[in-house]
Amino acid sequence: MKILKRVLLGLIVVLAIALLGFVIWALNPLEASPEALSALESDPIVKVTEGDYITFMPTSSEPATALVFYPGGHVDYRAYAVPLRKIAEQGYLVILLPVRLNLAFFEVNAADKAIPDFPEIQHWVVSGHSLGGVAASMYAGRNDTLDGIDFWASYPADDSLKDTDMQVMSIYGTLDMGGMEPFDTSRADLPADTEFVVIEGGNHSQFGDYGLQPGDNEATISREEQQAQVVDATVRLLKSLNE
């Protein structure tokens, strides 16, 4: 009996140490660059508000369409401020969501804390990078009030979106750390009219501003060029909802 107690105590200690190690790792994500943090400052074109989530609100119009964004796993969510701000500059409300332990899987319904605050918005699109895109797809699969989903270097968790009426876009780079096979395979789980935007020379990390992610490939185009293509494609999706 004493031996069994010692074994159980040992297992509890090991699990506690493992859990503590995971929490410490999760709470120390890849850092947002100075450029990303600078993009959180308001100017005459975009008003930035930080609270339970970050909003980028264009000042020249009252947007009818909004993008809600889930960050990639183990990345400071503010690292996506630069491209998201550029989308807002085109006349769209953009909401950037923090997620528990910097892992969107732990807060799939994070969009629920933002969407009800903007009843004037007529069209909603959810988006996310990497793991954030998977979480966004899970959220979209449970909500039939959305108008679109925009994957950034990501793909759906399952085939629940295959027959959706939502507009779907998938954007990824040819040098993504995971290779092309996952994106090719994901086509079978998406609607036939999904728009695929393939960025030649783009990688996984340059969708945000947090440096080169461990295991990723070096891109052959600049971060600015890759993000410009991401922004252009996303704005095209948002614009199509108003046509």
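Q: How many salt bridges does the count come to in this structure?

A: Happy to start there! This is a predicted model, and the count comes to seven salt bridges. A salt bridge here is a side-chain nitrogen of Lys or Arg within 4 Å of a carboxyl oxygen of Asp or Glu. One of them joins R85 and E89, whose closest N and O atoms are 3.9 Å apart.

Q: Which residues are linked with R85 in a network of salt bridges?

A: Salt bridges can share a residue, and then we can follow them as a network. In this case D43, R85 and E89 are linked in that way. The side chain of R85 also makes a polar contact with the side chain of D43, at 2.7 Å.

Q: Is R85 buried or exposed, and how do I decide?

A: You compare the relative accessibility with a cut-off: buried means under 20%. R85 counts as buried because its relative accessibility is 8%. Its salt-bridge partner E89 has 33%, so E89 counts as partly exposed.

Q: Where is R85 found, and which residues is R85 in contact with beyond its neighbours in sequence?

A: First place the residue in its element, then look for partners further along the chain. R85 is found in helix α3, which covers residues 81-88. Leaving aside neighbours within four places in sequence, R85 is in contact with A39, L40, E41, S42, D43, V46, V48 and F56.

Q: What salt bridge does R100 make?

A: Look for the acidic partner, then check each side's accessibility. The side chain of R100 meets that of E107 in a salt bridge, with 4.0 Å from N to O. R100 is partly exposed at 47% relative accessibility, whereas E107 is buried, with a relative accessible area of 17%.

Q: Which parts does the salt bridge between E195 and R236 tie together?

A: Here you read the bridge together with the elements that hold its two ends. The side chains of E195 and R236 meet at 2.6 Å, N to O. E195 lies in strand β8 (residues 195-199) and R236 in helix α6 (residues 223-240), so the pair ties together parts that are 41 residues apart in sequence. E195 is partly exposed, with a relative accessible area of 31%, and R236 is partly exposed at 41%.

Q: What is the order of the strands in the open sheet?

A: To read a sheet, walk across it from one edge to the other. This open sheet has eight strands in the order β1-β2-β4-β3-β5-β6-β7-β8, with mixed pairing. β1 (46-50) and β8 stand at the edges with a single partner strand each, so one side of each is left without a neighbour in the sheet. On average, neighbouring strands are turned by 15° against each other, direction ignored.

Q: In which sense do β6 and β7 pair, parallel or antiparallel?

A: For any pair, compare the strand directions and look for residues that face each other. Strand β6 (residues 148-152) and strand β7 (residues 167-173) pair in the parallel sense over five bridges. As an example, I149 stands opposite V168 in β7.

Q: Which strands does helix α6 touch?

A: Helices can be described by the strands they touch and by their direction. α6 packs on the sheet, touching β3, β5, β6, β7 and β8, and its direction makes about 175° with that of β7. Helix α4 (residues 131-142) lies across β3 (65-70), β5 (123-129) and β6, running at about 145° to β5.

Q: Where does R187 lie, and which residues does R187 touch?

A: Loops deserve a look too. R187 lies in the loop between α5 (181-186) and β8. Not counting residues up to four places away in sequence, R187 touches Y172 and F196. R187 is partly exposed, with a relative accessible area of 37%.

Note on methods: Residues are numbered from 1 along each chain as its sequence is written. This is a predicted model: local features need pLDDT of at least 70, side-chain atom pairs count only at pLDDT 80 or more; totals for chains, interfaces and linings use all residues. Side-chain values use heavy atoms; hydrogens and water are left out. Helices (H or I, at least four residues) and strands (E, at least two) are DSSP runs, numbered from the N terminus. Buried means under 20% relative accessible area, exposed over 50%, partly exposed in between (1.4 Å probe, protein chains only). A polar contact is a pair of N or O atoms within 3.5 Å; within protein, one must be able to donate a hydrogen and the other to accept it, and residues adjacent in sequence count only if both atoms are side-chain atoms. Contact means heavy atoms within 4.5 Å. Two strands pair if DSSP finds at least two bridges between them. Axes are lines fitted to C-alpha atoms, for helices over the stretch in contact, and angles run from 0 to 180 degrees between N-to-C directions.
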